[in-house]
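Student: Could you take me through one part of this structure up close? I'd like to see how it sits among its neighbours.

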Amino acid sequence: MAKNWKTKLIHSDAKIPEGFRSLSVGVQRGSTVLFPDAASVKDEWDQYEVGYTYGLYGTPTTLELASRVCELEHGYRTLITPGGQCAISLINLAFLKAGDHVLIPESVYTPNRKFAVHVLRKFGVEVGFYPPEAGSGITTHFRPNTRMVWCESPGSITLEVQDVPAIAEAAHQRAALVVIDNTWSAGVHFDAFAHGIDITMQALTKYIGGHSDLLLGSITTRDEKAWRQLGATQQLVGCAASPDDCSLALRGMKSLAVRLRAIEQAALELARWLSERPEIERVLHPALPSCPGHEFWKRDFTGSTGVFSIVFQSNFSKAQVQGFVNRLELFKIGYSWAGVTSLAVAYDFHGTPGRPNYGHRVVRLNIGLEDAGDLQADLGRALAAMAS
Ligand SMILES: Cc1ncc(COP(=O)(O)O)c(C=O)c1O
């Protein structure tokens, strides 16, 4: 059929050579997915079962990332979400209903806590918090309607490592689902399913992305039933991840092992050095005995990553702690973590219910890929200035 040039802009006859093979996964964007004929049109989310039907459920780029995360976490299947927080809220929406009770550790990532308090409670879900050190003692927090228990190990900012197998066993005796935020371990240093977890989520924004330039999340299930419930919910919530971001995460993943090894070594070196400094009361690094739950890290983890916190001695004022952070030159100030740039953020726990009594004395560090000696010198300069 002869075509006007305006039609050719949309329906082109241009030909290119076939047979291109690259080492990287192609970026396949698309909302519309083409069907071969009128009878084949359908809107089904499970593209493993029915083939591709709509971009919302993922293009081959998204599903490639999903299956690779699943492979690393030894799960049944993985869903990709537009961010880690979206993975958290989607899990809650998929598995909780009015009248259910959910238990969340006090050390959880703050937006996870806020979603429970501000959204779940609004929809009639009962929300309870438990001390991250509870272990099998979590039974005292159960109610007859407890349907889900969240874990985050180590916890955000205060890094308590949880006795996950004990919590999972107690929860399973009451037929409650056990979910973990497995972001700190990058999904590789803690085998969540081998320790009794039913559903894992990660902020891929962190170590999998690895370069502070994307937002993505993942949810991995142990079994098909949970996968179906999540997939059906994602379809209706309508949260789709960008294939461009997935492609960046796929690239980030290739260097994950070497990044993690370098970051682990540097973080341990700095954490040990900091624990000897007179200005520091305590170093909260899961691989050091000074961290609550260190024994569970030793028992259950195969390595550590680059995020840990320091607690200053009680004689330092809030202004002095903030001054320390402000004086750092290589450590930048900013949220999120697990990129190649070292970061420092000061936290104030005054009046935060259920959190340790560290007050304004906590600084969380993210160790990046700079030279560890330079980072130590930067920290040393800022500490020395604090004392003077
Ligand atoms: C432990 C943890 N979980 C989840 C998230 C949320 O991830 P995102 O920023 O991709 O929404 C974060 C982000 O800081 C986090 O630290």
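**A close look at the open sheet and its surroundings**

Tutor: Let's start from the outside: the accessible surface of the protein comes to about 17,800 Å², and 54% of that belongs to carbon and sulfur atoms. Keep in mind that this is a predicted model. The protein has 12 helices and 11 strands, and its C-alpha trace spans about 85 × 50 × 35 Å along the principal axes. A compact globule of 388 residues would have a radius of gyration near 21 Å, and the protein's 23 Å agrees with that. Buried residues account for 54% of the 388. If you take contacts between residues at least 6 apart in sequence, 70% of them join residues at least 24 apart.

Now the part to zoom in on: an open sheet of 4 strands in the order 8-9-11-10, with antiparallel pairing. The edges belong to strand 8 (280-284) and strand 10; each has a single partner strand, so one side of each is left without a neighbour in the sheet. Ignoring direction, neighbouring strands here are turned by 20° against each other on average. Start at the strand 8 edge, where 4 bridges join strand 8 to strand 9 and the two run antiparallel. For a landmark in that pairing, find valine 283, which stands opposite isoleucine 310 in strand 9.

Next, bring in helix 11, which covers residues 318-327 and has Val321, Gly323, Phe324 and Val325 buried. What hides them? The cover over the buried residues of helix 11 includes three strands, namely strand 9 (307-312), strand 10 (343-347) and strand 11 (362-366), and also helix 12 (372-387). Those three strands are also members of the open sheet, in the order 8-9-11-10. As for the spacing on the helix, residues three or four places apart on an α-helix point the same way, because there are 3.6 residues a turn.

For another view of strand pairing, go back along the chain to strand 1. There, 5 of the 5 residues (77-81) are buried, so strand 1 is largely enclosed by the rest of the structure. Both of its faces are covered, with Arg77, Leu79 and Thr81 buried on one side and Thr78 and Ile80 buried on the other. The partner to look for is strand 7 (residues 217-221), joined to strand 1 by 5 bridges and running antiparallel to it. Within that pair, isoleucine 80 stands opposite serine 218 of strand 7.

Conventions: Residues numbered from 1 in each chain as written. Predicted model: local features only at pLDDT ≥ 70, side-chain atom pairs only at ≥ 80, totals over all residues. Heavy atoms only, no water. Buried < 20%, exposed > 50% of the residue type's maximum accessible area, 1.4 Å probe, protein only. Contact = heavy atoms within 4.5 Å. Pairing = 2+ DSSP bridges. Axes fitted to C-alpha atoms, helices over the stretch in contact; angles between N-to-C directions. Rg over C-alpha atoms; globule rule 2.2 N^0.38 Å. Areas by Shrake-Rupley, 256 points an atom, 1.4 Å probe, with all protein chains shown as cover.
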